[in-house]
Amino acid sequence: MARASEQSAPSGSGMLEPPPDIFDAQALDLEFWLRPRTIEVVRPASKERAKLLYWRDGEIIQSAYEDLCHLMRDVNGGNETRNIDPKLFETLWGTQAFVQRYGIEGPLEILSGYRTPASNSKLREAGVPAARQSLHMVGRAADIRIANLNSDVLGGLVKSFRQGGVGFYYRAGPRGGWIHADTGLQRTWKG
């Protein structure tokens with residue numbers, strides 16, 4: 001998919017103008033947020049995949065929530081599991097469900113979910129950008145990617161939910177970068 005800034009529509013003068021922001025979460029209607037929530041995720045590090053209905057009729061389905069928490073476990077630090085902030089799942093589901101409206105199907109890749117303090121320290125020692133007080137360590141952050149969706153567009157969408165912090169991590173190569181989403185203070189950064 002082309003970058004949002006590279007997509008354009010011709011104007012009457014022959015000049016190319018940027019498109020409207022199609023990924024504006026504030027434009028969502030109430031019906032969007034009231035429907036049942038099924039999320040499809042994949043963990044590349046553990047090769048796990050799941051499609052789970054985790055919320056219906058205003059309530060979390062406990063067994064599916066527990067399965068999602070297990071999928072978000074620290075796969076690099078002893079497979080320790082922690083309860084994940086349900087607001088984070090709302091952001092992840094909303095992101096996936098919103099892009100599906102535009103024909104972008106497929107699982108949400110969870111690159112990193114919960115991290116033990118020891119695992120977080122190992123990442124820092126290896127030069128990976130990991131905050132000393134990372135919200136990953138308290139189950140309030142995830143590093144995500146959606147295949148065929150530009151990181152700028154993905155991050156812009158996550159940011160438009162206004163549920164917490166959004167970090168843009170750009171990397172060269174076929175797999176590209178990722179987006180950090182958390183349920184902390186609203187803030188944006190590039191790493």
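## Burial and overall composition

A residue is called buried here when its relative accessible area is under 20%. The model under discussion is predicted, and in its protein chain of 191 residues 45% count as buried by that cut-off. The secondary structure of the chain comes to five helices and ten strands.

About 10,300 Å² of the protein chain is exposed, with carbon and sulfur atoms supplying 51% of that area. Among the contacts with a separation of 6 or more, 55% are made by residues 24 or more positions apart.

## Helix 3 and the nonpolar core

Helix 3 runs over residues 86–100, and its 15 residues reach 21 Å from the first C-alpha to the last, close to the 21 Å expected at 1.5 Å a residue. Eleven of these 15 residues are buried, so helix 3 is largely enclosed by the rest of the structure. The buried residues include Leu88, Phe89, Leu92, Trp93, Phe98 and Val99, and also Thr91, Thr95 and Gln96. At the start of helix 3, a side-chain oxygen of Asp85 comes to within 3.0 Å of the backbone nitrogen of Lys87.

The largest nonpolar core has 38 residues, and those with the most contacts inside it are Phe89, Leu92 and Ile144. Helix 3 contributes the largest share of this core, namely seven residues. When residues up to four places away in sequence are not counted, Phe89 touches Tyr54, Tyr65, Leu68, Cys69, Met72 and Ile84.

## The sheet and strand 3

Eight strands form an open sheet in the order 5-4-3-6-7-9-8-10, and their pairing is mixed. Strand 5 (59–60) and strand 10 (188–190) stand at the edges with a single partner strand each, so one side of each is left without a neighbour in the sheet.

Strand 3 covers residues 37–43, and six of its seven residues are buried, so strand 3 is largely enclosed by the rest of the structure. With strand 4 (residues 48–56), strand 3 pairs in the antiparallel sense over seven bridges, whereas with strand 6 (residues 108–112) strand 3 pairs in the parallel sense over two bridges. Val42 has Arg49 as its bridge partner in strand 4 and stands opposite Glu109 in strand 6, while the bridge partner of Val41 in strand 6 is Leu108. Strand 3 and strand 4 form a hairpin with four residues between them, and in the turn Lys47 has a positive phi of about 60°.

## Helix 5 and its surroundings

Helix 5 spans residues 151–160, and seven of its ten residues are buried, so helix 5 is likewise largely enclosed by the rest of the structure. The buried positions of helix 5 are Ser151, Val153, Leu154, Gly155, Leu157, Val158 and Ser160. These buried residues pack against helix 3 and against three strands of the chain, namely strand 7 (141–146), strand 8 (166–169) and strand 9 (178–182).

Both ends of helix 5 can be described at the level of single residues. At the N-terminal end, Asn150 acts as a cap, with a side-chain oxygen that lies 2.6 Å from the backbone nitrogen of Asp152. Just after helix 5, Arg162 takes a positive phi of about 55°.

Methods. Residues numbered from 1 in each chain as written. Predicted model: local features only at pLDDT ≥ 70, side-chain atom pairs only at ≥ 80, totals over all residues. Heavy atoms only, no water. Buried < 20%, exposed > 50% of the residue type's maximum accessible area, 1.4 Å probe, protein only. Contact = heavy atoms within 4.5 Å. Areas by Shrake-Rupley, 256 points an atom, 1.4 Å probe, with all protein chains shown as cover. Expected span 1.5 Å × (residues − 1). Polar contact = N/O pair within 3.5 Å; in protein donor to acceptor, adjacent residues only side chain to side chain. Core = buried A, V, L, I, M, F, W, Y, C linked by side-chain atoms within 4.5 Å. Pairing = 2+ DSSP bridges.
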